[in-house]
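Trainee: Please choose one part of this structure for a close look. I would like to see how it is placed and how the rest of the chain is arranged around it.

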Amino acid sequence: MTVRQFTREEVSQKNSKTETVFIIDNVVYDVTKFLDEHPGGHEVLVNVAGKDASEDFDDVGHSLDAKELMQKYVVGEVVESERVKVQKRTMSWEDSKLDNEPSFTSSWKFPVLLGVVVTVLYTYLFG
Ligand code: HEM
């Protein structure tokens with residue numbers, strides 16, 4: 001079975017309360033029937049209707065349950081030529097782990113230096 005293909009232009013027309021359709025990660029969802037059931041309220045959904053809601057959806061940090069539920073509302077996908085690369089989103093602590101250099105205070109250098117300074121001071125003052 002081939003999945004129905006939508007252009008972004010087509011989706012952008014479906015942006016009302018009577019037809020609420022948006023795109024998340026190149027997949028097209030029709031949530032018209034879900035508006036009143038959405039725990040986050042109908043307004044946020046209507047606000048992103050016709051648009052690419054990938055970021056908004058992700059910003060909320062939807063649960064796995066929500067991600068399963070959304071399968072029910074899939075109506076198609078974005079035509080191949082208009083797909084965007086799906087962002088692999090990482091948790092912020094994973095991002096910071098990828099930073100090349102640890103900050104000075106969190107590396108081993110800081111405690112070592114502190115130890116040296118204290119030792120020198122101690123012998124100088126009390127030696
Ligand atoms: C088919 C698409 C969607 C489904 C099935 C869905 C489902 C859900 C569910 C089940 C929850 C309850 C919390 C959770 O389980 O994570 C929720 C909360 C929420 N959703 Fe959605 N959602 C969808 C799309 C969106 C979009 C596109 C937005 C933003 C534009 C959005 C904004 C919110 C907000 C603000 C909450 C409330 C979070 C809170 O109270 O902490 N949702 N949604």
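**A loop between two strands, and its surroundings**

Mentor: Asp-25 is located in the loop between S2 and S3; helices (H or I, at least four residues) and strands (E, at least two) are DSSP runs, numbered from the N terminus. The model is predicted, so local features need pLDDT of at least 70 and side-chain atom pairs count only at pLDDT 80 or more, whereas totals for chains, interfaces and linings use all residues. Residues are numbered from 1 along each chain as its sequence is written, and side-chain values use heavy atoms, with hydrogens and water left out.

The backbone of this loop merits attention. Asp-25 has a phi near 50°, a positive value in a residue other than glycine. Asn-26 lies in the loop between S2 and S3 too, and its phi, near 70°, is likewise positive in a residue other than glycine. The surroundings of the two can be described by relative accessible area, for which buried means under 20%, exposed over 50% and partly exposed in between (1.4 Å probe, protein chains only). Asp-25 counts as partly exposed because its relative accessible area is 26%. Asn-26 has a relative accessibility of 8%, and therefore counts as buried. For the whole protein of 127 residues, 22% count as buried.

Beyond the loop, Asp-30 belongs to strand S3. Its relative accessibility is 24%, so Asp-30 counts as partly exposed. Contact means heavy atoms within 4.5 Å. Apart from residues up to four places away in sequence, Asp-30 touches Thr-20, Val-21, Tyr-73 and Val-75. Asp-30 and Glu-19 are 11 residues apart along the chain, and their C-alpha atoms are separated by 7.4 Å.

On the S2 side, a link is made by Ala-53, which sits in the loop between H2 and H3. Ala-53 is buried because its relative accessible area is 3%. With residues up to four places away in sequence not counted, Ala-53 touches Phe-22, Ile-23, Ile-24 and Val-48. Between Ala-53 and Ile-24, 29 residues apart in sequence, the C-alpha to C-alpha distance is 5.3 Å.

Phe-34 is found in the loop between S3 and H2. With a relative accessible area of 10%, Phe-34 is therefore buried. Leaving aside neighbours within four places in sequence, Phe-34 is in contact with Pro-39, Leu-45, Leu-69 and Tyr-73. The C-alpha atoms of Phe-34 and Tyr-73 lie 8.2 Å from each other, although the two residues are 39 apart along the chain.

Strand S2 (21–24) also contributes to the lining of the largest pocket, as do helix H2 (42–48), helix H3 (54–60) and helix H4 (64–69), each with at least two residues. A pocket is an open set of points on a 1 Å grid over the protein atoms alone, where a 1.4 Å probe fits, with protein on both sides within 12 Å along at least five of seven lines; lining residues have an atom within 4 Å of a point. The largest pocket holds about 430 Å³ of space. Its lining has 21 residues, and those closest to its centre are Phe-22, His-38, Leu-45, Phe-57 and His-62. H2 gives the most to this lining, with four residues. By type, the lining divides into 16 nonpolar residues, four polar and one charged.

Two of these central residues also bind metal. His-38 (NE2) and His-62 (NE2) are the protein donors of the iron atom of the ligand, lying 2.0 Å from it; donors are N, O and S atoms within 2.8 Å of the metal (3.2 Å for Na, K and Ca). The pair links distant parts of the chain, 24 residues apart, with His-38 in the loop between strand S3 (27–30) and H2 and His-62 in the loop between H3 and H4. His-38 has 14% relative accessibility and so counts as buried. The iron site is octahedral, with angles of 84 to 179° among its six donor atoms; six donors count as octahedral if opposite donors are over 155 degrees apart and all others between 65 and 115. The ideal angles for six octahedral donors are 90 or 180 degrees.

Finally, the wider fold has six helices and four strands, in the order β-α-β-β-α-α-α-β-α-α along the sequence. Among contacts between residues at least 6 apart in sequence, 66% join residues at least 24 apart.

How values were computed:
Points joined across faces, edges and corners; volume = space filled by probe spheres on them. Nonpolar A, V, L, I, M, F, W, Y, C, P; charged D, E, K, R; others polar. Tetrahedral: all angles 85-135°; square planar, octahedral: opposite > 155°, others 65-115°.
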